[in-house]
Amino acid sequence: MPADPVRKVSRVILLDPQDRILLLHGFEPDDPANDWWFTPGGGVEGTETRAEAALRELAEETGITEVELGPVLWHRYCAFPFDGRRWEQDEWYFLARTSREATVTTGFTELERRTVTGARWWTSEELLSAHETVYPTRLAGLLRTLLDDGPPGAPVVLAPEIV
């Protein structure tokens, strides 16, 4: 069976005025105990740009459209099993800011309705002390560096994550 092509993905590091980051909580459909937190985002569709995909995915997954989209912070390759298949992704992480905190899930896909259980705003300190699984796995340190030093001059290439 041929492997699926590498999926182009745009993800959003969404910060509120208190510098909290919004993460979604999800789980493996066949094993709800296998759960994790992750940034909003998803696959690029058709001819849209990575930035357009980031904004569309953010709106679909959170209902938040009032954002200032900033630069690409990080690039990451990852591969993982999910919902009975193997996913390979080339992910770009965009910085975005919003003053809106309320989220809605009316734009979820069928798979997201089955596997995403909520959203939460995290402080950097909460993320650094969390014992839960968070993707990308170095997000707590990356967020702390972002808040301390500001966005990098050019996107940082993160180490690949293969699960």
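**Entry 1: Trp74 and the nonpolar cores**

I looked up Trp74 in this predicted model and listed its contacts beyond four places in sequence: Ile13, Glu91, Trp92, Tyr93, Leu139, Leu142, Pro155, Val156 and Leu158. I then turned to the largest nonpolar core, which has 18 residues. Trp74 is among the residues with the most contacts inside this core, together with Ile13, Ile21, Leu23, Leu127 and Leu139. I noted which elements give two or more residues to the core: β1, β2, β5 (68-82), β6 (85-97) and α4 (139-149). Of these, α4 supplies the largest share, 5 residues. I also found another core lying apart from this one; it has 10 residues, including Val12, Ala54, Ile64 and Phe94.

**Entry 2: Thr39**

I placed Thr39 in the loop between β3 (31-38) and β4 (41-43). Is Thr39 buried or exposed? Thr39 has a relative accessible area of 0% and is therefore buried. Leaving out neighbours within four places in sequence, I recorded Arg11, Val12, Ile13, Leu23, Tyr93, Tyr135 and Leu139 as its contacts. Among these contacts, Ile13, Leu23 and Leu139 also appear among the best-connected residues of the largest core, those with the most contacts inside it, and Val12 belongs to the other core.

**Entry 3: Tyr135 and Pro136**

I checked the peptide bond joining Tyr135 and Pro136 and found it cis, with omega at about 0 degrees. Pro136 sits in the loop between β8 (134-135) and α4. Tyr135 is one of the contacts I had listed for Thr39.

**Entry 4: Asp19 and Asp83**

I looked for positive phi values in residues other than glycine and noted Asp19, with phi of about 65 degrees, and Asp83, with phi near 55 degrees. Asp19 is in the loop between β1 (7-15) and β2 (21-28), and Asp83 is in the loop between β5 and β6. Asp19 has 28% relative accessibility, so I entered it as partly exposed. Asp83, at 29% relative accessible area, is likewise entered as partly exposed.

Which residues does Asp19 touch, not counting those up to four places away in sequence? I found Arg97, Trp122 and Leu147. The side chains of Asp19 and Arg97 are joined by a polar contact of 2.9 Å. I also took the C-alpha distance from Asp19 to Val104, which is 20 Å for a pair 85 residues apart in sequence.

**Entry 5: Salt bridges**

I counted 17 salt bridges in the structure. I examined three pairs.

- Arg76 and Glu161 meet through their side chains at 2.8 Å, N to O. Arg76 is in strand β5 and Glu161 in strand β10 (residues 161-162), so this pair ties together parts 85 residues apart in sequence. Both residues are buried.
- Glu57 bridges to Arg56, with 3.0 Å between the closest N and O atoms. Both of these residues are buried as well.
- Arg114 bridges to Glu110, with the closest N and O atoms 2.7 Å apart. The two are 4 residues apart in helix α2 (residues 110-115) and are therefore separated by about one helical turn. I entered Arg114 as partly exposed at 38% relative accessibility, and Glu110 as partly exposed at 45%.

I then followed the bridges around Glu57 and found a network linking Glu45, Glu48, Arg56, Glu57 and Glu60.

**Entry 6: Arg50**

I located Arg50 in helix α1. Its relative accessibility is 11%, so Arg50 counts as buried. Beyond four places in sequence, I listed its contacts as Lys8, Val9, Ser10, Val44, Asp90, Glu91, Trp92 and Phe94. Glu91 and Trp92 are also on my list of contacts for Trp74, while Phe94 belongs to the core of 10 residues.

**Entry 7: The largest pocket**

I looked up the largest pocket and recorded about 730 Å³ of space in it. How many residues line this pocket, and which lie nearest its centre? The lining has 33 residues, and Arg11, Trp36, Phe38, Phe80 and Phe82 lie nearest the centre. The elements giving two or more residues to the lining are β1, β2, β3, β4, α1 (50-62), β5, β6 and α2. The element that gives the most is β5, with 5 residues. I note that Arg11, one of the residues nearest the centre, is also in contact with Thr39.

Conventions: Residues are numbered from 1 along each chain as its sequence is written. This is a predicted model: local features need pLDDT of at least 70, side-chain atom pairs count only at pLDDT 80 or more; totals for chains, interfaces and linings use all residues. Side-chain values use heavy atoms; hydrogens and water are left out. Buried means under 20% relative accessible area, exposed over 50%, partly exposed in between (1.4 Å probe, protein chains only). Contact means heavy atoms within 4.5 Å. A polar contact is a pair of N or O atoms within 3.5 Å; within protein, one must be able to donate a hydrogen and the other to accept it, and residues adjacent in sequence count only if both atoms are side-chain atoms. A nonpolar core is a set of buried Ala, Val, Leu, Ile, Met, Phe, Trp, Tyr and Cys residues joined through side-chain atoms within 4.5 Å. A salt bridge is a side-chain nitrogen of Lys or Arg within 4 Å of a carboxyl oxygen of Asp or Glu. On a 1 Å grid over the protein atoms alone, a cavity is a set of points where a 1.4 Å probe fits but cannot get out, and a pocket is an open set with protein on both sides within 12 Å along at least five of seven lines; lining residues have an atom within 4 Å of a point. Grid points are joined across faces, edges and corners, and a volume is the space filled by probe spheres set on the points.
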